[in-house]
Amino acid sequence: MSEQHINTTQVGRSFGRSADSYDAHAVLQREVADRLLGHLEFSKIRPQRVLDIGCGTGYFTRLLHQRFKRAHLTAVDIAHGMVLAAQDKHPRRMPWGARTSFARADAARLPFADASFDLVASNLAMQWVSDPELMLAEMRRVLAPGGLMLLSTFGRRTLGELRQSLADFSHEHAGLVLPFPDVTSLGDALMKLSVELPVTDTDLFTLTYPNPMALVRELKGLGATSSAIKNRPAGLYGRRLLRHLDEHYAAHHSEADGRIRATFEVLYAQAWHAVEPFKPKGDIIPIEHHA
Ligand SMILES: C[S@@+](CC[C@H](N)C(=O)[O-])C[C@H]1O[C@@H](n2cnc3c(N)ncnc32)[C@H](O)[C@@H]1O
């Protein structure tokens, strides 16, 4: 996975601004959060200290809270507005004393000591981190021996239609869609960490929208704007570009009923912090599901 041209300060600003509109648009994000937690369905882990990285408005944090009722949860996000929203929506302190702490923090520079958590999780935040491998290394660093890291992120096929339409408009505009990693490079990045039993899998979602502008509006409502991408072209989404997108989608990415398609590929990964030093044997075999 390569380092991306992302301005982290701007990521925090964009998501902070969208803290109020995020939930109305985040249907896919909630579905992926449910599926990510589903990865623990047959697991017997009983973590006492759980970290949620890139908590947003806290949907996944609340799922973790329901699942691990007695754990001390810590939820962090780069956007101050998101931290406040997550804190606001979180259930009050439980009678049995489980606590949740919220903080503003960068996934690539976690303000926690080594081995501080038994479960380190993150739902759909890694695609916004300028150095995803650094985030993985940080997740591993704060994980205690015997602990589990669990994450989801968007994969290479995500928004392929939008990337194609933008590329057809100009080479520079193609760069407005983030260069999402493929599942193999995510697996390779995990193998570089000293972890045990790394597993990756994928889901493919196709959503439809009335027109390209509706998709662009949804991305904006989520805070997933291109303002954080360094060296983006000027005159974004001007009238000429929007006309081009309408025509290109109608010709190449539309359904029989005239709605347009948007693909979202989701990558999931999990790995254990070995109690004993671990020597990996062989490759990870990716599994693909189609939603
Ligand atoms: C698509 S939202 C996902 C939010 C939440 N996990 C969910 O499932 O709804 C991505 C979140 O990651 C946060 N984020 C992006 N870059 C980050 C970074 N470097 N460190 C911490 N959080 C980050 C954003 O502010 C945003 O709240």
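Reader: How many of the 13 residues of strand S7 are buried?

Author: 11 of them, so S7 (residues 260-272) is largely enclosed by the rest of the structure. Buried is under 20% relative accessible area, exposed is over 50%, and partly exposed is in between (1.4 Å probe, protein chains only). Strands (E, at least two residues) and helices (H or I, at least four) are DSSP runs, numbered from the N terminus.

Reader: Before I go on, what's this based on?

Author: This is a predicted model, where local features need pLDDT of at least 70 and side-chain atom pairs count only at pLDDT 80 or more, while totals for chains, interfaces and linings use all residues. Numbering runs from 1 along each chain as its sequence is written, and side-chain values use heavy atoms, leaving out hydrogens and water.

Reader: OK, back to S7. How many bridges does it have with S6?

Author: 12, and S6 (residues 196-209) runs antiparallel to S7. Ile-260 in S7 stands opposite Tyr-209. Two strands pair if DSSP finds at least two bridges between them.

Reader: And with S5, how many bridges?

Author: 7, also in the antiparallel sense, with S5 covering residues 143-154. Tyr-268 of S7 is the bridge partner of Ser-152 there.

Reader: What comes after S7?

Author: A loop between S7 and strand S8 (287-290), where you'll find His-273. His-273 counts as buried because its relative accessibility is 12%. The His-273 side chain makes a polar contact of 3.1 Å with the side chain of Arg-140. A polar contact is a pair of N or O atoms within 3.5 Å; within protein, one must be able to donate a hydrogen and the other to accept it, and residues adjacent in sequence count only if both atoms are side-chain atoms.

Reader: Asp-203 caught my eye. Which residue's side chain does it contact?

Author: Arg-35, side chain to side chain, in a polar contact of 3.0 Å. Asp-203 sits in strand S6 and is buried, at 5% relative accessible area.

Reader: What about Leu-197, buried or exposed?

Author: Exposed, because its relative accessible area is 52%. Leu-197 lies in S6 as well, and its phi is near 50°, a positive value in a residue other than glycine. Most residues other than glycine have a negative phi.

Reader: Which residue in the loop between S5 and helix H7 has a phi I should know about?

Author: Leu-159, with phi near 55°, again positive and not a glycine. The loop in question runs between S5 and H7 (160-169). Leu-159 is buried, with a relative accessible area of 8%.

Reader: Switching to the ligand. Which residues come nearest?

Author: Tyr-22, Gly-54, Asp-77, Ala-107 and Asn-123, out of 18 residues around the ligand. To be near, a residue needs a heavy atom within 4 Å of the molecule or strand in question.

Reader: What sort of residues make up that shell, by class?

Author: 13 nonpolar, 3 polar and 2 charged. Here Ala, Val, Leu, Ile, Met, Phe, Trp, Tyr, Cys and Pro count as nonpolar, Asp, Glu, Lys and Arg as charged, and the others, Gly among them, as polar.

Reader: And which atoms pair up with the ligand?

Author: An N or O atom in the side chain of Asp-77 is 2.6 Å from a ligand oxygen. In the side chain of Asp-106, an N or O atom is 2.9 Å from a ligand nitrogen. Ile-78 uses its backbone: an N or O atom there lies 3.1 Å from a nitrogen of the ligand.

Reader: How much of the ligand does the protein bury?

Author: 98% of the 600 Å² that the ligand exposes when taken alone. Those areas come from the Shrake-Rupley method with a 1.4 Å probe; for residues, only the protein chains shown count as cover.

Reader: Asp-77 ends strand S2, right? Which strand is joined to S2 by 5 bridges?

Author: S1 (residues 49-53), and the two run parallel. Leu-51 has Thr-74 as its bridge partner in S2. S2 covers residues 72-77 and is largely enclosed by the rest of the structure, since 5 of its 6 residues are buried.

Reader: Last one: which residues of helix H3 are buried?

Author: Leu-28, Gln-29, Val-32, Ala-33, Leu-36 and Leu-37.
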